[in-house]
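Here is a short tour for anyone meeting this protein for the first time. Keep the picture in view as you read, and look for each part as it comes up.

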Amino acid sequence: MAALGKAHTLFLKTDGSIHALGTNKVGQSAWRQNVKQSGVLKQCIVAGVKKDDPSVKFIKIACGEDFSVALSEEGIMYTTGSGE
């Protein structure tokens, strides 16, 4: 599954992880703040979860202009990016 924002794209992989490419000016791609843009897929960072920890799996994703939303299989909604 893929979701498109203004200048970023999220990809939900079959293992439940999320990867992104594009811009991250306001954190919409869920990377560390020092990464502003990438043309290569990078795994999104989930607060409190180690990078390769399979305990959080996502089932749906969506993007707005400068934000991203993901729903975990436990029914928890995660957001990142602009709060506007």
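## The three-strand sheet

Which strands make up the open sheet of 3 strands, and in what order do they sit? Going across, the order is β5-β6-β7, and the pairing is antiparallel. Before going on, one thing to keep in mind: what you're looking at is a predicted model.

The edges of this sheet are taken by β5 (58–63) and β7 (77–81). Each of them has a single partner strand, so one side of each is left without a neighbour in the sheet. Neighbouring strands here are turned against each other by 15° on average, direction ignored.

## How β5, β6 and β7 are joined

Start with β5 and β6, where β6 covers residues 67–72. These two pair in the antiparallel sense, over 5 bridges. If you'd like one bridge to look for, Ala 62 has Val 69 in β6 as its partner.

Now go on to β6 and β7: they run antiparallel as well, joined by 5 bridges. Here, Ala 70 has Tyr 78 in β7 as its bridge partner. The two strands form a hairpin with 4 residues between them. In that turn sits Gly 75, with a positive phi of about 90°.

## The four-strand sheet

There's also an open sheet of 4 strands, in the order β1-β2-β3-β4, with antiparallel pairing. At its edges are β1 (2–4) and β4, each of which pairs on one side only. From one strand to the next, the twist averages 10°.

Inside this sheet, β2 (residues 8–12) and β3 pair in the antiparallel sense over 5 bridges. One pair to pick out is Leu 12 with Ile 18, its bridge partner in β3. As a general point, strands of a sheet pair through backbone hydrogen bonds, and the pairing can be parallel or antiparallel.

## The whole protein

Time to step back. The protein has 7 strands and 0 helices, so reading from the N terminus you simply go β-β-β-β-β-β-β. Of its 84 residues, 36% are buried.

What about contacts along the chain? Take those between residues at least 6 apart in sequence: 35% of them join residues at least 24 apart. As for the surface, about 5,300 Å² is exposed, and carbon and sulfur atoms supply 55% of that.

## Two cysteines, no bond

How many disulfides does the structure hold? The count is 0. Cys 44 and Cys 63 show why: the cysteine sulfur closest to that of Cys 44 is in Cys 63, and at 8.8 Å it is too far for a bond. Seen from the other end, the sulfur of Cys 63 has its closest cysteine sulfur in Cys 44, again 8.8 Å away and too far for a bond. Cys 44 counts as buried, at 14% relative accessibility.

## Ser 72 in strand β6

Back in the three-strand sheet, have a look at Ser 72, which lies in β6. Is Ser 72 buried or exposed? Ser 72 is buried, with a relative accessible area of 1%, where the cut-off for buried is under 20%.

Leaving aside neighbours within four places in sequence, Ser 72 is in contact with Val 56, Lys 57, Phe 58, Ile 59 and Tyr 78. Ile 61 is 11 residues away from Ser 72 along the chain, and their C-alpha atoms are separated by 9.2 Å.

## The loop between β3 and β4

The last stop is the loop between β3 (18–23) and β4 (37–43), where you'll find Gln 28. Gln 28 is buried, with a relative accessible area of 1%. Its side chain makes a polar contact of 3.2 Å with the side chain of Thr 23. The side chain of Gln 28 also reaches the backbone nitrogen of Lys 25, at 3.3 Å. Beyond its neighbours within four places in sequence, Gln 28 has contacts that include His 8, Asp 66, Phe 67 and Thr 80.

Ala 30 lies in the loop between β3 and β4 too. At 12% relative accessibility, Ala 30 counts as buried. Its backbone deserves a second look: Ala 30 has a positive phi of about 60° although it is not a glycine. Most residues other than glycine have a negative phi.

Technical notes. Residues numbered from 1 in each chain as written. Predicted model: local features only at pLDDT ≥ 70, side-chain atom pairs only at ≥ 80, totals over all residues. Heavy atoms only, no water. Pairing = 2+ DSSP bridges. Axes fitted to C-alpha atoms, helices over the stretch in contact; angles between N-to-C directions. Buried < 20%, exposed > 50% of the residue type's maximum accessible area, 1.4 Å probe, protein only. Contact = heavy atoms within 4.5 Å. Areas by Shrake-Rupley, 256 points an atom, 1.4 Å probe, with all protein chains shown as cover. Disulfide = S-S within 2.5 Å. Polar contact = N/O pair within 3.5 Å; in protein donor to acceptor, adjacent residues only side chain to side chain.
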